[in-house]
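Q: I would like to learn how to read a few features of a protein model. Can we take them one at a time?

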Amino acid sequence: MSKKIQAIRGMNDLLPEQSPVWQYVESCVRALMETYGYAEIRTPILEQTALFARSIGEVTDIVEKEMYTFNDRNGDSLTLRPEGTASCVRAAMENGLLHNQTQRLWYQGPMFRHERPQKGRYRQFHQVGVEAYGLEGPDIDAEVILLTARLWRRLGLNEHVTLELNSLGSSAARAAYRETLVTYFEQHRDVLDEDSSRRLSTNPMRILDSKNPDMAPILADAPRLMDHLDDESREHFEQLTTLLDSVGIEYRINPRLVRGLDYYSRTVFEWTTDALGSQGTVCAGGRYDGLVEQLGGKPTPAVGFAMGMERLILLLETLDVIPDDAQPGLDVYIVGQGEQIHGTTLQLGETLRNALPGIRLQVHCGGGGFRSQIKKADRSGAQLALLLGEEEIANDMVTIKFLRNDREQVSLPQDKLTEQLPELLGRSF
Ligand code: ATP
Ligand code: MG
């Protein structure tokens with residue numbers, strides 16, 4: 001026997017038993033976006049490598065070591081998208097969506113990063129994201145946060161996630177702060193770990209993000225960007241917190257929240273949970289007013305976020321808050337046997353689907369004895385089995401067997417079925 005080929009490490013199959021939960025979350029997300037008037041955008045999974053290098057930043061973890069990059073047959077360097085924002089900006093610019101207009105967009109789909117796979121961290125994972133363009137005031141920052149807060153309420157997660165908030169200021173303020181920070185860390189060179197020493201010259205703000213406990217004391221005393229903000233950014237931030245207070249959104253200001261991507265400015269936020277160990281960030285985002293210009297467009301204010309579907313679903317499962325009806329099963333399973341059966345069960349299935357378009361119905365295929373078919377009907381999770389035997393076929397009848405309670409089976413004329421099924425199943429179609 002030849003060796004079996006396996007999936008790529010860190011890239012998961014979504015199996016039939018898991019897909020109902022995904023569909024449940026996806027349908028909540030879709031409905032949520034509709035209530036806020038956000039329109040879906042879909043972009044290709046592959047982009048030119050330069051798009052990500054120029055937007056996310058050359059010295060970020062993603063671009064330095066996590067991207068799936070290869071040359072195609074023409075020798076062009078392409079990259080599997082590691083996130084959605086850069087593609088979204090590219091598509092919006094390229095298709096004229098940013099000309100004198102505002103946009104509220106959302107997307108979902110797979111992203112790719114070559115990270116060490118572990119619980120809540122994969123090499124192909126899925127994000128849902130939102131991007132709003134052309135709006136510079138803090139009201140839109142507050143709106144995207146409100147939108148996420150509503151999702152947590154709808155999913156039953158609101159007690160389990162915390163909003164962390166910070167401002168990164170303007171790029172000028174950040175550049176000045178960076179120097180202050182470098183001076184400070186240089187005074188503590190002896191305690192910097194290897195990663196941080198390297199970042200000191202490339203991306204010093206990321207040192208603040210270090211999870212190394214030995215570094216905690218010097219991080220705690222580090223100068224805070226919050227104290228070095230430019231006036232406009234400070235005002236923007238104050239207005240945002242006032243807005244959040246007025247709509248009843250709780251938050252914690254975390255002056256060390258810096259985010260791993262270079263394009264952020266002013267507002268940054270994360271929704272985190274304690275329930276998933278070190279993979280605790282469920283949703284992350286912020287403002288990126290400079291990115292459109294950086295990618296060759298006209299200056300356009302922008303704000304957005306992305307959330308990780310796998311982590312979200314892991315959290316729902318860990319907290320056991322997935323509603324039972326998130327996974328609707330079959331209503332009806334049709335069983336048939338006898339010399340005359342031929343296409344009768346398939347025909348009955350089609351008739352019922354025509355009459356009751358919302359019905360969830362499976363017709364037994366593959367033959368077999370009556371008892372084994374009933375067993376399959378039971379295992380299918382259906383509420384009712386419809387039995388067509390020789391006698392039923394001869395009399396245009398059908399026998400109904402109740403699979404989920406002790407009710408005696410009944411026989412009905414076939415032409416009464418569509419009328420009776422809603423009542424028998426206790427739901428309308
Ligand atoms: P982390 O600090 O956990 O690596 P990040 O800052 O790299 O996250 P973003 O690029 O902001 O994350 O992505 C937004 C969200 O996407 C994260 O909060 C997380 O929920 C999810 N995410 C990011 N990387 C992965 C991954 N490799 N596997 C699964 N989910 C991920
Ligand atoms: Mg990461």
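Q: Is Tyr133 buried or exposed, and what about Tyr288?

A: This is a predicted model. A residue counts as buried when its relative accessible area is under 20%. By that cut-off Tyr133 is buried, and Tyr288 is buried as well.

Q: How many aromatic pairs does the structure hold, and how is a pair described?

A: Two aromatic rings are described by the distance between their centres and the angle between their planes. The structure holds 6 aromatic pairs. In one of them, the centres of the Tyr133 and Tyr288 rings are 6.3 Å apart and the planes stand at 85 degrees, so this pair is edge-to-face.

Q: Which parts of the chain does the pair of Tyr133 and Tyr288 link?

A: It links distant parts, with the two positions 155 residues apart in numbering. Tyr133 belongs to strand S6 (residues 124-133), while Tyr288 sits in the loop between strand S10 (281-287) and helix H10 (291-294). Ring pairs also join Tyr133 and Tyr288 with Tyr263 and Tyr264 in a cluster.

Q: How many residues of helix H2 are buried, and which are they?

A: Helix H2 covers residues 49-56, and 6 of its 8 residues are buried, so the helix is mostly covered. The buried ones are Thr49, Leu51, Phe52, Ala53, Ser55 and Ile56.

Q: What covers the buried residues of H2?

A: To answer this, look for contacts, meaning heavy atoms within 4.5 Å. The cover includes strands S2 (46-48), S3 (68-71) and S4 (77-80). It also includes helices H3 (61-66), H4 (85-94) and H10. Just after H2, Gly57 has a positive phi of about 115 degrees.

Q: How many helices and strands does the protein chain have, and what is its radius of gyration?

A: There are 15 helices and 16 strands in the protein chain. Its radius of gyration is 28 Å, well over the 22 Å from the globule rule for 429 residues, so the chain is more spread out than a compact globule. The C-alpha trace spans about 90 × 60 × 45 Å along its principal axes.

Q: Which domains does the assignment give, and how far apart are their centres?

A: The domain assignment gives domain 1 (19-169 + 229-319) and domain 2 (329-425). Their C-alpha centres lie 48 Å apart.

Q: What share of the residues is buried in the protein chain?

A: Buried residues make up 50% of the 429. The accessible surface comes to about 22,000 Å², and carbon and sulfur atoms account for 46% of that area.

Note on methods:
Residues are numbered from 1 along each chain as its sequence is written. Chains are lettered from A and ligands numbered from 1 in the order in which they are written. This is a predicted model: local features need pLDDT of at least 70, side-chain atom pairs count only at pLDDT 80 or more; totals for chains, interfaces and linings use all residues. Side-chain values use heavy atoms; hydrogens and water are left out. Rings of Phe, Tyr and Trp (its six-membered ring) pair if their centres lie within 6.5 Å; planes under 30 degrees apart count as stacked, over 60 as edge-to-face and the rest as tilted. Helices (H or I, at least four residues) and strands (E, at least two) are DSSP runs, numbered from the N terminus. Buried means under 20% relative accessible area, exposed over 50%, partly exposed in between (1.4 Å probe, protein chains only). Domain bounds come from an automatic or database domain assignment. The radius of gyration is taken over C-alpha atoms; the globule rule is 2.2 Å times the number of residues to the power 0.38. Accessible areas come from the Shrake-Rupley method with a 1.4 Å probe; for residues, only the protein chains shown count as cover.
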